[in-house]
Amino acid sequence: MSSLMELIEQGETLPLIFIVAVLYYVGQVAIAHNLQLKKWGFRLSLLTLTAYVLFEASWNGIYDTTTLLAIVLRGLILAGMALGMSWIALSALDLLFAPLGRLNRSWQTAVTRWQYNRGQKQREREEKERRRQEQDEWERTAPERERQQQEQQQAEAQRNAEQLQREEIRLSCQLLYDQHAPALLTRFPRERLAEYFEQYLSDGFPIEIVEQRGKLLEEMIASSLEQTTGNKQKFASLNEIAEYFQEQKQEIDSLNYDDQTRQSFLSSLNLQEDRAIREFLSS
């Protein structure tokens with residue numbers, strides 16, 4: 001190394017250029033497929049050039065441009081040799097430590113896989129625990145859900161039954177009206193009956209109110225019928241009232257009507273019988 005530095009100091013250019021070329025070629029071959037080592041070689045050569053120029057400038061001083069150019073030239077030669085030697089040295093170190101690097105990468109891969117598997121097992125345990133808790137909660141709340149379901153079914157059945165009752169009440173009023181429609185059309189037109197259904201007997205009202213209003217509507221239809229026909233039956237006693245309406249009911253039972261129509265007629269007769277009894281008692 002001292003002989004090499006003496007050649008550099010003496011300015012033996014040709015031997016030095018030959019040495020630089022040989023080192024550069026060998027180093028280039030050594031790191032041909034490793035760009036990372038090539039970059040590090042350039043960094044070390046640049047560092048060598050900078051260090052040599054600074055050392056010469058501080059140690060020997062720079063008196064003129066010729067001295068500066070000589071120092072830079074010698075620094076470039078030294079940097080070229082440093083470049084080649086660093087490539088060779090780095091290549092040798094890479095070859096030496098490559099198995100250690102592969103071992104380190106294998107170790108890191110194994111550690112990463114172990115951590116992943118551990119995390120995966122932890123997640124699986126947490127997921128299993130969550131499902132178990134959900135199952136326990138599902139089983140714990142099963143009676144409450146069954147109770148709520150039964151209540152919903154009962155409520156639905158109740159709503160359906162009440163809706164059917166509303167429809168039966170409206171149908172009863174409609175059949176009573178249709179029975180005496182020719183006599184009622186002038187005093188009680190169909191449009192008025194439809195308005196009563198829409199405003200007072202609709203599905204939006206509770207069944208109790210619809211029942212009460214249905215009875216009132218049937219009484220009003222019967223009262224309108226009596227006022228329209230003008231042939232109101234006169235009775236001398238309660239027995240006569242009972243016998244008269246019993247005959248009417250038997251006659252209705254003997255007619256060929258369906259059950260709904262027959263029930264509507266009987267309901268109308270019951271209302272008329274009640275009204276006749278009240279009028280007889282009040283007279």
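**Figure 1. Long-range contacts and overall make-up of the protein chain in this predicted model.** Among the contacts in the protein chain with a separation of 6 or more, 69% are accounted for by residues 24 or more positions apart. The chain is built from 10 helices and zero strands, so that, as defined by DSSP runs, its elements read α-α-α-α-α-α-α-α-α-α from the N terminus on. Buried residues make up 25% of the 283 residues in the chain, while the accessible surface comes to about 20,000 Å², with 57% of that area belonging to carbon and sulfur atoms.

**Figure 2. The largest nonpolar core and the helices that supply it.** This core holds 15 residues, and those that touch the most other members are Y177, L184, F188, L193, F197, L217 and I221. Two or more residues are given to the core by each of α5, α6 (181–184), α7 and α8, and the greatest share comes from α8, with five residues. Apart from this core lies another one, of 11 residues, among them Y52, V53, I71 and A79.

**Figure 3. Surroundings of the core residue F197.** When neighbours within four places in sequence are left aside, F197 is in contact with R170, C173, Q174, S202 and L217. One of these partners, L217, is also listed with F197 among the core residues that touch the most other members.

**Figure 4. The aromatic pair of helix α7.** The structure holds one aromatic pair. Its two rings, those of Y196 and Y200, have centres 5.7 Å apart and planes at 40°, so the pair is classed as tilted. Both tyrosines lie in helix α7 (residues 190–200), where they are four residues apart, about one turn of the helix. Y196 counts as partly exposed because its relative accessibility is 22%, and Y200 likewise counts as partly exposed, at 37%.

**Figure 5. Two arginines placed over aromatic rings.** In one arrangement, R145 lies over the face of W138, at 3.3 Å from the ring centre. In the other, R213 lies over the face of F205, and here the distance from the ring centre is 4.5 Å.

**Figure 6. A polar contact of the buried residue S172.** S172 is found in helix α5, which spans residues 142–179. With a relative accessible area of 14%, S172 is buried, since the class takes in residues under 20%. The side chain of S172 makes a polar contact with the side chain of E218, at 2.6 Å.

**Figure 7. E211 and its contacts with residues distant in sequence.** The place of E211 is in helix α8, which runs over residues 207–229. E211 counts as partly exposed because its relative accessibility is 33%. Not counting residues up to four places away in sequence, E211 touches Q165 and I169. For the pair formed with I169, the separation along the sequence is 42 residues, whereas the distance in space, C-alpha to C-alpha, is 6.9 Å.

Note on methods: Residues are numbered from 1 along each chain as its sequence is written. This is a predicted model: local features need pLDDT of at least 70, side-chain atom pairs count only at pLDDT 80 or more; totals for chains, interfaces and linings use all residues. Side-chain values use heavy atoms; hydrogens and water are left out. Rings of Phe, Tyr and Trp (its six-membered ring) pair if their centres lie within 6.5 Å; planes under 30 degrees apart count as stacked, over 60 as edge-to-face and the rest as tilted. Buried means under 20% relative accessible area, exposed over 50%, partly exposed in between (1.4 Å probe, protein chains only). A charge sits over a ring if NZ of Lys or CZ of Arg is within 6 Å of the ring centre and within 35 degrees of the ring normal. Contact means heavy atoms within 4.5 Å. Accessible areas come from the Shrake-Rupley method with a 1.4 Å probe; for residues, only the protein chains shown count as cover. A polar contact is a pair of N or O atoms within 3.5 Å; within protein, one must be able to donate a hydrogen and the other to accept it, and residues adjacent in sequence count only if both atoms are side-chain atoms. A nonpolar core is a set of buried Ala, Val, Leu, Ile, Met, Phe, Trp, Tyr and Cys residues joined through side-chain atoms within 4.5 Å.
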